[in-house]
Amino acid sequence: MARLLPTVFLIVAALVFPYSVDRIFLHTPIEREMGTAQKIFYFHVPLAWLMMAFAVTSGIAAVVQLRRASVRAEATSLAAAELVLLTGLGVLITGPIWGHATWGHAWTWDARQVTTGLLWLVFAAYVLVRRYGAAGSDRLAAALAIFGAVDVPIIYYAVRIWNTTHPGNRVVATLPAEMWNSLWPALIALTLVSVALLLVRLRQELTDIALDEAWILFNERDGHEQQHS
Amino acid sequence: MRSGSLARQAWILARNDLRQESRDLELVLTAGFFSLVVLVMFGLSFSALDRHAQVLAIPGVLWLAVAFVGALTLTRIFDREREADTLRALLVAPVERQAIYLGKAAVTLLVLVGCNAILVPGLVFLFPAAAPMAERPLETLALVVLGCLAYTSVGTLFAAGLASSSGKNVLLSVILYPLTTPALLLAVVATRALLEGHPLFLTYLGQLAAIDVVTLALSVWLFESVLVGADASARRRSAAGPRR
Amino acid sequence: MTVPTHVLELRGISKRFGRLAVLRQVEFVLAPGEVLGLIGANGAGKTTLLSIVAGLLPPSEGERRYWGEPVTELRCEHRARMAIVSHTAQVYARLTARENLRLFDELRGTAGLASAQPDALLDRLGLGHARDRLAGTFSRGMLQRLALARALLGAPELLLLDEPFTALDRPGRALLADVLLEERSRGAAIFLSSHDFDAIAEVADRVLLLEGGRIVGQVARRDAADFRVALQRLAGHLPERDRMREGLRA
């Protein structure tokens, strides 16, 4: 049953997505100040939320991985970290597009923009450490994920702490109802897709580990037979 | 183990590192000269800036220098450990692992703050806009210590992790810069507030202190797990039930 | 209530790195006043096993018991009663021999643990003349002896040694063998791995053969009429190239 979950999610997302695009572009009023370019907001914001959610997930899984030496937690942490990179890429591309169209600057060195970029780099370091590090580096990577997760609140409050060109935190809470209603489908579609990807990646990683163990068991049996023959 | 002995052990280890350093002064000289070079280069590049532009440039200069000296210091300190594998000798001794972390962090912090003893007066000398740093020495000292502490607390954890696993040095740069930049950015903002006489300076200082507390606590907590790792075998065995 | 008779007990210890199984189901016990030797080809897993016993590496599976107590994490109180001499000396090159020992002496002191006198230890291990020389100037054999002196600071009840004879010359080997036998008579439990069959034959009470991560053979001195010959026969299981390197006759 659990095996089908990613497929189910992707199918539902495939249905919700066209509906969402339709709503956003054809049935939502154009924003007064920023014009059509503002529509990117409906993709940019969910991606940003997802990025932070995955960062926190990766961090929490990393804590479990270190405290209990749990292999499942490690796989979850890794899969979530890769999704931080994917969604982060979405945020860091849609953001500048929006910025350029609206304010004429793609990269404004705004605090939230910068700290999001840094979060992306932290998790890029995570993936690099896992790949190119030596034997004990999975624990080091876990520490990275934990620090990355701690970064998330810093990003969230970055707008409050510094003067920035970024629309304030209050924007989403004060959206008029029609815009809010268009945000939901986009959020749902993107969430379903990314969670589906997470589950697929997780399963892939766990299968890899199971293969390693099977290999070892097989060799063990082989070794035994050779010894007794 | 009593917490008093944790502090004493950290002190003994830090003193040990300093004693070794006093034998050849390599680290102190390298870091010191590096700070001088940074000063000279920025002095030459930015001397023509008007006062307002200077206020914007100086914080960046200062904390960029700290970032580079920090990476240099951590690399040197832990390269020695890695070459002789002495970290392992400490890990098998009846020494609290956290004392190892605290000792190393203390030495790194000392070197960084020491380099600031070159950087800050140098900046004051070169740029008139940096005068507030001389006029308010206590605030400047607090800023320098808190900023360097943020860098040190994170850097020591990861440098030690890499040193003990025969890992590659290049990864340290990849890890260090993204992790320390948020705190350094806050330090930059605070420095600018100091130079402008901005009323929010103390608030920023407080926030920097809060970040220090968080990163320090997190690093101390994670140090042992990263270096040695937990043992799941007992838990797994009991979950699987008795064998045979 | 039974008094634990074993200093060290390993059950079902396995260690994997990804697809590589370095240790498989290793089991043995070690009693106080006993010297247990471990021989095996390069890459058989000897250093990994010693690292696991020393608490530097967690096993993938299995149980470790120290003084009868099952342990998942070696805390300070366990580490206070044991010491390891690795095949790299792990001493501070920029400190003198005496300073190296004093450092660990002081560290033990903060935990309220007594230590032997550093100077006396240096004399015992033939380093008295070099006590104020920087460890960075030492030869490999001297470094090894310094590491041993550090290990003996705490009069450990469990002493682990990884290839201790390798770096030593003939007199050094004789000295080490004497020291080990002295420690044994003091009641310490000693576990060492080595390639040097003569030395092992001299000091060990029991020897295990590790091959492909498994303990595949064992020989005890009290069971064998001629221990040296029994050891050679056990070692005969080693791959050809290792036997030749040790100069053993088939």
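## Working through the chains

**Exercise 1.** Find which residue of β9(C) is the bridge partner of Leu38(C), then work out how β3(C) and β9(C) pair.

*Solution.* Start with the single pair: Leu38(C) has Leu208(C) as its bridge partner in β9(C). Now zoom out to the two strands. β3(C) and β9 (residues 206-211) of chain C are parallel, with 5 bridges between them. A helix comes in here too: α6 (residues 170-186) of chain C packs on the sheet, touching β3, β7 and β8 of chain C, and its direction makes about 150° with that of β8(C).

A few ground rules before going on. What you're looking at is a predicted model, so local features need pLDDT of at least 70 and side-chain atom pairs count only at pLDDT 80 or more, while totals for chains, interfaces and linings use all residues. Residues are numbered from 1 along each chain as its sequence is written, and chains are lettered from A and ligands numbered from 1 in the order in which they are written.

Some terms: helices (H or I, at least four residues) and strands (E, at least two) are DSSP runs numbered from the N terminus, and two strands pair if DSSP finds at least two bridges between them. Residues are in contact if their C-beta atoms, placed from the backbone, lie within 7 Å. Angles run from 0 to 180 degrees between N-to-C directions, and axes are lines fitted to C-alpha atoms, for helices over the stretch in contact.

**Exercise 2.** Put the strands of the 6-strand sheet of chain C in order and say what happens at its edges.

*Solution.* First, the order: β6-β7-β8-β3-β9-β10 (chain C), an open sheet with mixed pairing. Next, the edges: β6 (82-85) and β10 (214-220) of chain C each have a single partner strand, so each has one side without a neighbour in the sheet. As for twist, neighbouring strands are turned by 15° against each other on average, direction ignored. Finally, look at α8 (residues 227-235) of chain C, which lies across β3, β9 and β10 of chain C and runs at about 165° to β10(C).

**Exercise 3.** Is strand β8 (residues 189-193) of chain C mostly covered or uncovered, and which strands pair with it?

*Solution.* A residue is buried if 20 or more other C-beta atoms (placed from the backbone) lie within 10 Å of its own, exposed if 12 or fewer, and partly exposed in between. By that count, β8(C) is mostly covered, with 5 of its 5 residues buried. Ala189(C), Phe191(C) and Ser193(C) point one way, Ile190(C) and Leu192(C) the other. That fits a general pattern: side chains in a regular strand alternate between the two faces of the sheet.

Now the partners. β3 (residues 35-40) of chain C runs parallel to β8(C) and is joined to it by 4 bridges; Gly37(C) is matched with Leu192(C). β7 (residues 158-162) of chain C is also parallel to β8(C), over 5 bridges, and Leu158(C) stands opposite Ala189(C).

**Exercise 4.** Describe the 4-strand sheet of chain C.

*Solution.* The order is β2-β1-β4-β5 (chain C), and this open sheet is antiparallel. Its edge strands, β2 (20-30) and β5 (69-71) of chain C, each pair on one side only. Neighbouring strands are turned by 30° against each other on average, direction ignored. Within the sheet, β1 (residues 8-17) and β4 (residues 61-66) of chain C share 5 bridges, and Leu8(C) sits opposite Tyr66(C).

**Exercise 5.** Which elements of chain A give two or more residues to the side that touches chain B?

*Solution.* Begin with the count: 29 residues of chain A are in contact with 29 residues of chain B. On the chain A side, the elements are α2 (41-68), α4 (111-132) and α5 (137-161) of chain A. The largest share, 11 residues, comes from α5(A). Sort that side by class, where Ala, Val, Leu, Ile, Met, Phe, Trp, Tyr, Cys and Pro are nonpolar, Asp, Glu, Lys and Arg charged, and the others, Gly among them, polar: you get 20 nonpolar, 5 polar and 4 charged residues.

**Exercise 6.** Where in chain A is confidence lowest, and where is it highest?

*Solution.* pLDDT is the predictor's confidence in each residue, from 0 to 100. Chain A averages 83, and 86% of the residues score at least 70. The lowest mean, 60, belongs to helix α6 (residues 170-173) of chain A, and the highest, 92, to α2(A). Where pLDDT is low, don't read the predicted coordinates in detail.

Notes
Two residues are in contact if their C-beta atoms, placed from the backbone, lie within 7 Å.
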